[in-house]
Amino acid sequence: MSDTNQMQDEWAEMVEQMNDAVADSMEQNMKAQAAFVESWADAVEDSIPEEDELSEGLQGYNAAYEEWVNAAEQMVERSTEAAQGEDVDPAEFRDIWLQSANEAFKHVMGTSAFAAANGQLVESMMEMQQEADELNQDAIAQMGFPTRDDMDEVAERLVEVERRQHAVEEKLDRVLEHLEE
């Protein structure tokens, strides 16, 4: 009788561990989904996409969500099989999540809404870089150093001087040819 109680206790403990593992896995799934949705929302936050882009973006998000749900179902399935005594490699769980994350990101990142949001982000970053560059140029000018604009002006003048010198040399060559004749 004590062997039966011990086996039941061990079984109960194993089932509890499996339930904890499934619960932890589901919690990680929800956290990953929340992080994904948050990053996606941040990417499109400042843009108001056209209706078509919005619709396509939502379709991409829905497809990504389906990937996460499928991954969760696979996790539950494999956890159940492990609880029933099947030998399940823990790396399978990692692979399920990695594959589903890759697929989910492809669904969202392939949309025109995501592309538009990325374009807007790049544009904003370029504007910030230009503003920073202007501040740097102002600071350099205030310190009395030549700015990029000053250097560009000097370069343009140098090119013009070289062009004129070349023209003068050509004229001088023609004059010398005439004198030699």
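**Figure 1. Glu-127 in helix H4 of the predicted model.** Glu-127 is partly exposed, and its relative accessible area is 42%. In this predicted model, the residue belongs to helix H4, which covers residues 112-142. Val-37 lies 90 residues away from Glu-127 along the chain, and the C-alpha atoms of the two are separated by 27 Å.

**Figure 2. The whole chain as an all-helix trace.** The chain has 5 helices and 0 strands. Its elements follow one another in the pattern α-α-α-α-α. With a radius of gyration of 34 Å, well over the 16 Å given by the globule rule for 181 residues, the chain is more spread out than a compact globule. The C-alpha trace spans about 130 × 40 × 40 Å along its principal axes. Of the 181 residues, 17% are buried. The exposed area of the chain is about 14,000 Å², and 54% of this comes from carbon and sulfur atoms. When contacts between residues at least 6 apart in sequence are taken, 73% of them join residues at least 24 apart.

**Figure 3. The largest nonpolar core.** This core is made of 12 residues. Helix H2 (51-83) and helix H3 (90-109) are the elements that give two or more residues to the core. Among its members are Trp-68, Met-75, Ile-96, Trp-97 and Val-108. Phe-36 and Phe-114 also belong to the core, as do several alanines, including Ala-64, Ala-72 and Ala-104. In soluble globular proteins, nonpolar side chains tend to be buried together.

**Figure 4. Ser-100 in helix H3.** Ser-100 is part of helix H3. The relative accessible area of Ser-100 is 5%, so this serine counts as buried, the cut-off being under 20%. Apart from residues up to four places away in sequence, Ser-100 touches Glu-67, Trp-68 and Ala-71. Two of these partners, Trp-68 and Ala-71, are also members of the largest nonpolar core.

**Figure 5. Ser-79 in helix H2.** A second buried serine, Ser-79, has a relative accessible area of 7%. Ser-79 is located in helix H2. Once neighbours within four places in sequence are set aside, the contacts of Ser-79 are with Met-18, Val-22 and Phe-93.

**Figure 6. The region listed as a coiled coil.** An unreviewed UniProt entry lists residues 118-171 as "coiled-coil region". In the model, this stretch is 91% helix and 0% strand. The C-alpha atoms at the two ends of residues 118-171 are 56 Å apart. Glu-127, shown in Figure 1, is found in helix H4 (residues 112-142).

**Figure 7. Confidence along the chain.** The average pLDDT of the chain is 80, and 91% of the residues score at least 70. Of the elements, helix H5 (residues 148-180) has the highest mean pLDDT, 94, while helix H1 (residues 2-44) has the lowest, 74. Where pLDDT is low, the predicted coordinates should not be read in detail.

Key. Residues are numbered from 1 along each chain as its sequence is written. Side-chain values use heavy atoms; hydrogens and water are left out. A nonpolar core is a set of buried Ala, Val, Leu, Ile, Met, Phe, Trp, Tyr and Cys residues joined through side-chain atoms within 4.5 Å. Buried means under 20% relative accessible area, exposed over 50%, partly exposed in between (1.4 Å probe, protein chains only). Helices (H or I, at least four residues) and strands (E, at least two) are DSSP runs, numbered from the N terminus. UniProt positions are given in the numbering used here, feature names are shortened, and annotations may be inferred rather than shown by experiment. Contact means heavy atoms within 4.5 Å. The radius of gyration is taken over C-alpha atoms; the globule rule is 2.2 Å times the number of residues to the power 0.38. Accessible areas come from the Shrake-Rupley method with a 1.4 Å probe; for residues, only the protein chains shown count as cover. pLDDT is the predictor's confidence in each residue, from 0 to 100.
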